[in-house]
Every structure is written in C-alpha cells, then in structure tokens.
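The following explanation is intended to be read beside the sequence and the coordinates. It turns to the contacts with DNA and then to the contacts between protein chains.

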There are 4 protein chains.
Amino acid sequence: MEHNGQQVGRPRDSRVDEAITAAVQKLLGEVGYAGLTVAAVAERAGIGRASIYRRYATKHEMIFAAIVHGEVLEVPPDTGSLLGDLTALARVIVGHLSNPAAAGALMSLLGEIAADPALAERFTTTFVAPERAGNAELLERAVRRGEMERLPDIDLFHAMFGGTVLSWLFISHHDPHDLPERLARFACAALRSTAHQPLPSN
Amino acid sequence: MEHNGQQVGRPRDSRVDEAITAAVQKLLGEVGYAGLTVAAVAERAGIGRASIYRRYATKHEMIFAAIVHGEVLEVPPDTGSLLGDLTALARVIVGHLSNPAAAGALMSLLGEIAADPALAERFTTTFVAPERAGNAELLERAVRRGEMERLPDIDLFHAMFGGTVLSWLFISHHDPHDLPERLARFACAALRSTAHQPLPSN
Amino acid sequence: MEHNGQQVGRPRDSRVDEAITAAVQKLLGEVGYAGLTVAAVAERAGIGRASIYRRYATKHEMIFAAIVHGEVLEVPPDTGSLLGDLTALARVIVGHLSNPAAAGALMSLLGEIAADPALAERFTTTFVAPERAGNAELLERAVRRGEMERLPDIDLFHAMFGGTVLSWLFISHHDPHDLPERLARFACAALRSTAHQPLPSN
Amino acid sequence: MEHNGQQVGRPRDSRVDEAITAAVQKLLGEVGYAGLTVAAVAERAGIGRASIYRRYATKHEMIFAAIVHGEVLEVPPDTGSLLGDLTALARVIVGHLSNPAAAGALMSLLGEIAADPALAERFTTTFVAPERAGNAELLERAVRRGEMERLPDIDLFHAMFGGTVLSWLFISHHDPHDLPERLARFACAALRSTAHQPLPSN
DNA sequence: CATTAATCGAGACGGTACGTCTTGTCTTGCA
DNA sequence: TGCAAGACAAGACGTACCGTCTCGATTAATG
C-alpha cells in the first residue's frame with residue numbers, strides 16, 4: 001500500500017494536459033475570466049470534466065496554471081545601455097499584458113489571489129520572484145557598465161516598472177504603442193538621479 | 001422624453017441606497033469579492049433583493065457603485081514642497097488601497113472592467129479622470145513653486161504613481177508602511193531630472 | 001367620531017369595478033388562470049393595482065368575483081316535458097362552461113376552493129345553492145306534471161347533472177355539441193325508473 | 001438518433017425518483033397545490049433542486065407525475081351483479097378522491113390542463129383512457145350476465161359516474177360516506193332502463 | 001367656499017418562488 | 001488506474017409576482 005513514484009494503472013494522457021491549457025487560454029480571450037466555466041473548457045478540449053478536477057483542485061488553479069504556463073518573463077539580452085535594456089524590458093512586459101487572453105484574466109486572478117493566501121504564495125514563487133530577479137540582473141548590468149554608482153531600491157523599482165504598465169493598460173486604458181520608450185526614458189532618468197549619478201552632459 | 005418633469009409614484013427611499021452601499025462594503029471585507037452574494041447583501045441591509053435589482057442591473061454594478069461611492073481621492077493640501085505633496089498623495093492612495101474591504105475587490109473589479117466596456121467607461125469617468133486631474137494639479141503646484149521647469153508627462157506619471165502602489169500591495173504583497181516615503185522620494189527625483197531641472201546643491 | 005354608512009371622502013368610481021371585471025374575463029381567456037397577474041389586469045383595465053386591492057383582498061377573490069359575476073344559472077322556462085326541461089338545463093350549463101374564459105378558470109378556482117374554506121363558503125352560497133334550488137324546481141315541475149311519482153334524491157341528481165358536464169368537458173375533453181340531448185335522455189330515463197315509474201311499453 | 005443504444009454516464013438514481021414522488025404527495029396534503037414549492041420538495045426529499053428539473057421541465061409536470069403515479073384505478077373484481085360492481089367502482093373512485101393529498105390538487109391540475117394541451121394529452125393517455133376502458137369492461141360483464149341487453153353510451157356513463165363523484169366532493173362538498181351506494185343504485189336503474197330502450201339515432 | 005377624507009394612477013418596498021447555471025464530487029462502462 | 005459521460009447536492013443568479021406602502025393629484029360631501 002505505498003504509492004510512490006512507481007505509477008500503477010493507466011498513465012495520464014499528456015495530450016489532455018495540453019488540451020486543457022489551450023482551451024483555457026482560448027476561452028479566456030473569448031468569454032473572459034468571469035465567463036469561463038469548467039464545462040466549457042472540457043467541451044472545447046474534448047475531454048471530461050473529471051479529467052480537469054483530477055489535475056486541479058479548483059477552477060482558479062486551472063486558470064492560474066494556464067495563465068502562468070511558460071510565461072516566465074525572459075530578461076532581454078544586453079543592449080549595451082541602461083536605456084536600451086529598460087526599453088526592451090518594457091516591450092516584453094507590454095507584449096505579455098497586451099495578449100487579450102491573459103489580459104483581464106490577470107487582474108481577476110490578482111483579485112482571487114488577494115482572497116486566497118495559498119494562491120498568493122504560488123503566484124509569488126512562480127511569477128513575482130523570477131521577475132524581480134530579472135529586474136535586479138538588468139540593473140546590475142548598468143552598475144557594471146558604470147551607468148549607475150550603485151543599485152537602487154530594487155523592490156520599489158520592480159513595483160514601479162510593472163505597476164506602471166499594469167495601470168497604463170488596465171486602469172487608464174491608454175494605447176501601449178509608445179509606452180516602452182516613454183517609460184524607459186522616465187525610469188532611466190529616475191534611476192540615474194536616485195543613484196546619485198551626476199547627470200551626463202547630454 | 002417624459003423623464004421626470006414631476007415625480008410620479010412612490011419615490012425611492014434613500015436609506016435603502018445607503019443600506020446597500022454599507023452592506024456591500026462591510027461584506028466585501030468579510031467574505032471578499034467572489035464570496036459576496038446579492039442575497040447576503042439584502043439580508044445584511046434589511047431590504048428585499050428586488051430593491052437592489054431596481055437600482056443595479058447586475059451584482060457587479062452594485063459592487064462597483066459601492067466601491068467607488070465617495071471614494072474620490074482628494075488632492076492633499078499644499079505642504080510647501082513637491083516631496084511633501086507626493087508623500088501625502090502616496091499616503092492617501094495607500095490608505096485607500098489598504099482598506100481590506102475595497103482591497104482585493106478593486107482588482108476583481110478591474111478584471112470585470114477588462115471584459116465590460118460599459119463598466120470601463122464609468123470607471124474612467126468616475127475614478128480615473130478625477131485622479132489624473134488631481135495629480136496634474138499637484139504637479140502644477142510644483143511648477144508654480146519653481147521646483148520643476150515645466151510639467152512632466154502627466155499620463156505616465158499618473159500610471160506610474162498609482163500603479164506602483166497597486167503592484168507593491170497586490171503583486172509583491174510588501175508591507176506598505178514606509179512605501180509613501182520611498183515612492184515619493186523616487187518620484188520626486190525622477191520628476192526633477194526628467195523636467196531638466198538642475199539638481200539643487202543639497 | 002362615527003364612521004357609519006354615510007360615506008365621506010371621494011366615492012369609488014364604478015367604472016373601475018367594471019373595468020376590472022372585464023379585464024379579468026378577457027385575460028382569463030387569453031392567458032389562463034395561472035398566467036393571470038394583477039399587474040396585467042390593472043394595465044388592461046387602465047387603472048392602478050391599488051384600486052384592485054382596495055376592492056379584493058387577494059388575486060383569487062378578484063378572479064372569483066369576475067367569474068361568478070352575474071353568472072347565476074337561470075332555470076329554463078317550462079317546456080312542457082321533463083325531457084325538454086332537462087335538455088334546456090343541460091344547454092344552459094354547457095353554454096356557461098364552454099365559455100373559454102371561465103372554462104379552465106373554474107377548475108383552478110375549484111382547486112383553490114379546496115384549500116380555502118372561506119372561498120368555499122362563498123362559492124356554495126353564491127353558486128351551488130342557487131343551482132341546486134333551480135334543479136329542485138325543475139324536478140318539482142315534473143312531479144306536478146305527473147311524469148314522476150315523487151321527487152328523487154336531489155343532492156345526487158344535482159351532483160350528477162352538473163358533474164357529468166364538467167367531466168365531459170374538462171376530463172374527457174369531448175365535443176359538447178350533442179351532450180345536452182344525450183345527457184337529458186339518460187337522466188330522464190334514470191329519474192323515471194328511480195322514481196318507481198313503470199317503464200313505458202315501447 | 002443516438003438515443004440510448006447503451007447507457008453512458010452515471011445512471012439516474014431510482015431512489016431519487018421515489019423520494020420526489022413521496023415528498024410531493026406528502027406536501028400536497030400538508031400545504032396544498034398552490035402552496036407547494038420545488039424547494040420544499042427537494043428539501044423534504046433530501047435531494048437537490050437540479051435533480052428535480054433534470055426529470056421534469058416544470059413544477060406542474062412534477063406534480064402531475066406524482067399524482068398520477070400508480071394511481072391507475074383498478075377495475076374491482078366481479079361481485080356477481082351490476083349493482084355490486086358499480087358500488088365497488090364508486091368506492092374505489094371515492095377512495096382515491098378522498099385522499100386529502102391528491103384531493104384539491106387534482107382540481108388545480110385540471111385547471112392547468114385546460115390551459116396546456118401537452119399536459120392534457122398526457123392526462124388523457126395516462127388517466128382518462130384506462131379509466132374509460134375499465135368502465136367499459138365492467139359494463140360488458142353486466143351484458144354477459146344478461147343484466148343489460150346491450151352496452152349503453154359508454155362515454156356518457158364514464159363522464160357521469162366519475163363526474164358525479166367529483167361534483168359531490170368538490171362542488172357540493174357533501175359527505176362521501178354513503179355516496180357509493182346511492183350513486184350505484186341510481187346508475188344501475190338508469191342503465192337498466194336506458195339499455196332496454198333502443199338507442200335513438202346511432 | 002374652504003376643508004376634509006377617501007379615491008385614483010404610479011411605482012417603490014420586503015418577501016419569496018421560479019427555472020437556469022455552475023461548482024466540485026460521485027458513479028457508471030469502456031479501455 | 002485513466003478517461004468520457006453525466007447524475008448528484010448545494011446554492012447563486014436575475015426575473016417575475018404578490019400584497020403593502022407611500023407619493024402627488026383628484027373628487028365629492030361637509031362645515
């Protein structure tokens with residue numbers, strides 16, 4: 001009566017996992033977070049509802065998994081300057097959040113997270129921490145380059161950079177097309193001044 | 001076109017409106033956005049469910065109205081310096097968003113808004129536009145004081161300032177106690193440098 | 001400080017009473033007993049709901065009043081023979097119950113009556129007793145004519161005669177066009193034999 | 001066309017069907033037709049409301065099914081005489097209609113039926129036709145016995161016999177205790193006399 | 001003629017049932 | 001054991017009524 005790694009019985013069909021994730025992403029774009037139902041996901045995926053609940057305890061976990069699936073934000077490659085790096089980073093963030101599927105869903109998920117500490121924990125580990133680490137790496141590059149004397153307040157920078165994009169898109173509902181440049185220029189100037197770096201002669 | 005030249009029929013009881021708003025706010029703090037039901041609101045308010053649906057077409061509209069009710073963020077009084085003003089503004093925002101009632105509810109509402117253009121419109125008019133105007137006023141004070149040469153990119157500043165608080169609280173889940181000072185200092189430095197104002201000697 | 005028969009204040013508008021009765025009868029034919037609503041009656045009658053409740057305590061009383069309004073079954077005039085009188089009586093009953101308005105409504109009303117003793121009392125007084133008396137009068141004519149030796153069991157006859165029509169129309173859903181003749185012939189034969197009248201030689 | 005070659009999915013629980021029927025019958029006796037609610041039935045039956053709506057499209061269909069469930073009136077066994085058979089038949093009918101549960105409910109159901117042709121169809125098939133057939137069988141026995149020369153007008157007899165009981169109980173509200181004997185004697189005499197007369201037209 | 005009291009249309013109010021929908025669990029038969 | 005299908009208990013949603021209540025505006029009889 002031990003149930004270790006040695007699987008017993010029929011193994012899970014990995015195509016089912018993929019079908020669920022794909023169906024959730026497609027449906028989020030079509031009906032939104034609140035309009036998404038487990039029955040619709042199962043039908044779209046061509047599977048039974050039981051196969052979903054065998055994998056995820058609740059609907060929210062299923063959506064969470066589908067949203068964060070492979071969505072780890074990559075640190076953009078070194079462009080040679082802080083301004084270039086920040087612009088690239090902003091483009092990555094804007095690109096992800098402009099995806100109509102995950103768009104509003106992320107906000108709803110944040111609401112859910114606010115009421116569910118377990119989900120919050122997983123969200124932090126999976127999403128927030130790696131992103132913060134990526135931001136830190138990018139800033140360290142600037143220090144190494146000599147563009148900043150020392151590292152700024154990374155927590156604040158992280159909240160500021162992502163939060164600005166979030167607010168721009170989902171609160172102000174502005175057009176994101178030139179946001180990366182504007183945000184990067186602003187952040188770059190801020191970082192240089194807060195890091196007590198004398199302004200360059202430009 | 002016979003809107004209401006003179007009232008006909010029994011007029012609405014304003015105490016019912018107040019009871020609904022109060023009940024929603026209290027229940028949001030107790031059970032959260034997802035756990036809130038119309039029946040619970042009616043019971044808590046001591047009214048019938050019909051009286052709610054007479055005022056709001058859906059549960060979401062009711063919650064929206066209760067959240068934004070009288071929540072217009074006041075522009076803090078002039079403290080004599082940009083840094084002081086920004087600190088005060090951050091404190092107001094943090095104060096509102098730390099309210100456990102509206103806390104997660106606001107995020108869920110933002111998710112709802114992303115899927116409902118009508119709600120988005122009302123949210124912008126009621127909430128976003130006044131707040132942006134408040135930010136602008138505060139920055140104009142700084143220009144008049146001579147702390148900045150000219151107004152910065154107000155849309156970007158607005159998204160940055162509020163977005164940072166949002167992200168700090170609901171994505172990073174950091175402690176907000178010293179956020180106002182840190183954010184204000186950061187923003188102040190950024191504004192001064194982006195506005196091409198030479199740094200003072202201090 | 002006495003408030004006797006002397007009316008004071010605005011008197012009731014008799015056109016309102018008529019409009020209510022007419023609207024109920026018309027609507028019963030259109031939407032049936034269960035589909036009838038007080039609001040629909042008021043709208044059709046061009047009056048306010050309060051004016052209905054000022055006259056009738058409940059919806060059922062209103063319908064009751066509209067159904068029994070002036071529906072007292074008249075005893076048909078003497079045709080000279082029991083068979084003729086019974087045929088005429090059956091025609092009157094069939095005529096009343098074939099009215100599509102009151103048709104199903106009467107059955108629903110009987111269901112209501114079974115659960116409401118007060119309504120039952122009024123129904124008996126207004127409807128059942130006069131009808132039984134009419135039946136008795138008709139049978140007495142036959143005795144006076146010498147067609148029967150003595151009066152039969154009037155309660156049974158009354159239940160039989162009306163009940164047969166009721167069942168024919170609302171349980172069997174048969175065509176009523178030749179029912180009066182068939183029923184009258186049957187009843188006539190039954191009455192003659194139960195009244196110990198020797199069968200005619202034919 | 002894939003109706004049910006072989007069953008797929010979880011089969012329905014027959015205990016749920018029984019629980020619904022039992023709960024409806026009990027509640028009809030307690031609160032009557034109009035006072036019966038689907039929620040109360042579900043609670044009494046210890047099941048969910050969805051399980052009721054999975055079986056019946058509306059409340060009325062549920063009540064209909066519960067009332068007619070196994071209520072097929074059995075033809076009483078041969079007593080050796082027409083009078084005896086009719087007395088037994090009358091007792092069966094009175095017995096069924098005196099059941100306080102189905103009592104007023106049947107009348108309300110008849111009202112419902114008058115406004116719903118689909119329900120009427122099912123009522124005729126399930127209830128009326130078998131009962132008429134039973135009446136016919138009983139009368140044929142009398143013909144075979146030689147008590148009647150030939151069969152009377154069966155439609156009329158059927159409407160008369162059941163209709164009389166209906167009217168006696170629900171319109172006149174008389175005591176049913178000696179109704180079977182009185183009705184049987186009356187009907188017996190009527191049948192003997194009408195069956196000895198040549199039927200006029202047919 | 002002004003007062004008074006009940007009426008009228010309109011519609012808000014508390015309460016409650018309806019029928020639909022969704023969630024997360026359970027139970028079939030087949031693979 | 002996994003899987004598709006679908007029944008199950010629970011309960012929220014938004015609609016529709018009921019019978020009561022409040023409005024402002026009539027409308028007679030009374031003072």
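How do the residues of the surface near DNA strand E divide into nonpolar, polar and charged? In this predicted model, the division is 18 nonpolar, 13 polar and 18 charged. The residues around DNA strand E number 49, and those that come nearest are B:Arg49, B:Ser51, C:Ser51, C:Arg54 and D:Lys59. The four protein chains are represented on this surface by helical elements: α3 (49-53) of chain A, α3 (49-53) of chain B, α3 (49-53) of chain C, and both α2 (38-45) and α3 (49-53) of chain D each supply at least two residues.

Which part of DNA strand E faces the protein may be judged from its atoms within 4 Å of the protein, of which 71% belong to sugar or phosphate and the rest to bases. Individual contacts illustrate both kinds. On the backbone of the strand, a polar side-chain atom of C:Arg12 lies 3.3 Å from a phosphate oxygen of DNA strand E. The adjoining residue in the numbering, C:Asp13, uses its own main chain, with a backbone N or O atom 3.5 Å from a phosphate oxygen of DNA strand E. A base is approached by D:Arg49, where an N or O atom of the side chain is 3.2 Å from a base nitrogen of DNA strand E.

DNA strand F can be read in the same order. There are 50 residues around DNA strand F, and A:Arg10, A:Asp13, B:Lys59, C:Arg10 and D:Arg49 come nearest. By class, the surface near this strand has 20 nonpolar, 12 polar and 18 charged residues. At least two residues each are supplied by α3 of chain A, α2 (38-45) and α3 of chain B, α2 (38-45) and α3 of chain C, and α3 of chain D. Of the atoms of DNA strand F within 4 Å of the protein, 72% belong to sugar or phosphate, the remainder being base atoms.

Phosphate oxygens of DNA strand F are met by main-chain and side-chain atoms. A backbone N or O atom of B:Val38 lies 2.9 Å from one phosphate oxygen of the strand, and a backbone N or O atom of D:Asp13 lies 2.8 Å from a phosphate oxygen of DNA strand F. From a side chain, a polar atom of D:Arg54 lies 2.9 Å from a phosphate oxygen of DNA strand F.

The text now passes to the protein interfaces, beginning with chains C and D. Here 40 residues of chain D are in contact with 40 residues of chain C. Together the two chains bury about 3500 Å², with 72% of that area on carbon and sulfur atoms. Within chain D, the residues that lose the most area to chain C are D:Leu156, D:Ile171 and D:Phe186, which together make up 18% of what that side buries.

How many salt bridges does the rule find across the interface of chain D and chain C? There are 2, and one of them joins the side chains of C:Asp153 and D:Arg182 at 2.8 Å, N to O. The rule also finds 5 residue pairs in polar contact across this interface. On the side of chain D that touches chain C, two or more residues come from each of α6 (102-114), α7 (117-145), α8 (154-170) and α9 (179-196). The largest share, 11 residues, comes from α8(D). By class, this side of chain D has 22 nonpolar, 14 polar and 4 charged residues.

The relation between these two chains can be stated geometrically. A rotation of 179° with 0.0 Å of shift along its axis superposes chain D on chain C, with an RMSD of 0.4 Å. That is the relation of a two-fold axis. Moreover, 92% of the interface residues of chain D are also interface residues in chain C, so the copies meet through the same surface.

The contact between chain A and chain B completes the account. It takes 37 residues from chain A and 37 residues from chain B. The two chains bury about 3300 Å² between them, 73% of it on carbon and sulfur atoms. In chain A, A:Leu156, A:Ile171 and A:Phe186 supply 19% of the area buried against chain B, more than any other three residues. Across this interface the rule finds 2 salt bridges, including one between the side chains of A:Arg182 and B:Asp153 at 2.8 Å, N to O. Residue pairs in polar contact between chain A and chain B number 4. The elements giving two or more residues to the side of chain A that touches chain B are α6 (102-114), α7 (117-145), α8 (154-170) and α9 (179-194) of chain A. Of these, α8(A) gives the most, with 11 residues.

Conventions. Residues are numbered from 1 along each chain as its sequence is written. Chains are lettered from A and ligands numbered from 1 in the order in which they are written. This is a predicted model: local features need pLDDT of at least 70, side-chain atom pairs count only at pLDDT 80 or more; totals for chains, interfaces and linings use all residues. Side-chain values use heavy atoms; hydrogens and water are left out. A residue is near a molecule or strand if one of its heavy atoms lies within 4 Å of it. A polar contact is a pair of N or O atoms within 3.5 Å; within protein, one must be able to donate a hydrogen and the other to accept it, and residues adjacent in sequence count only if both atoms are side-chain atoms. Ala, Val, Leu, Ile, Met, Phe, Trp, Tyr, Cys and Pro count as nonpolar, Asp, Glu, Lys and Arg as charged, and the others, Gly among them, as polar. Contact means heavy atoms within 4.5 Å. Buried area is the accessible area (1.4 Å probe) that two parts lose on being put together, summed over both. A salt bridge is a side-chain nitrogen of Lys or Arg within 4 Å of a carboxyl oxygen of Asp or Glu. Copies are superposed by least squares on the C-alpha atoms of residues with pLDDT of at least 70 in both.
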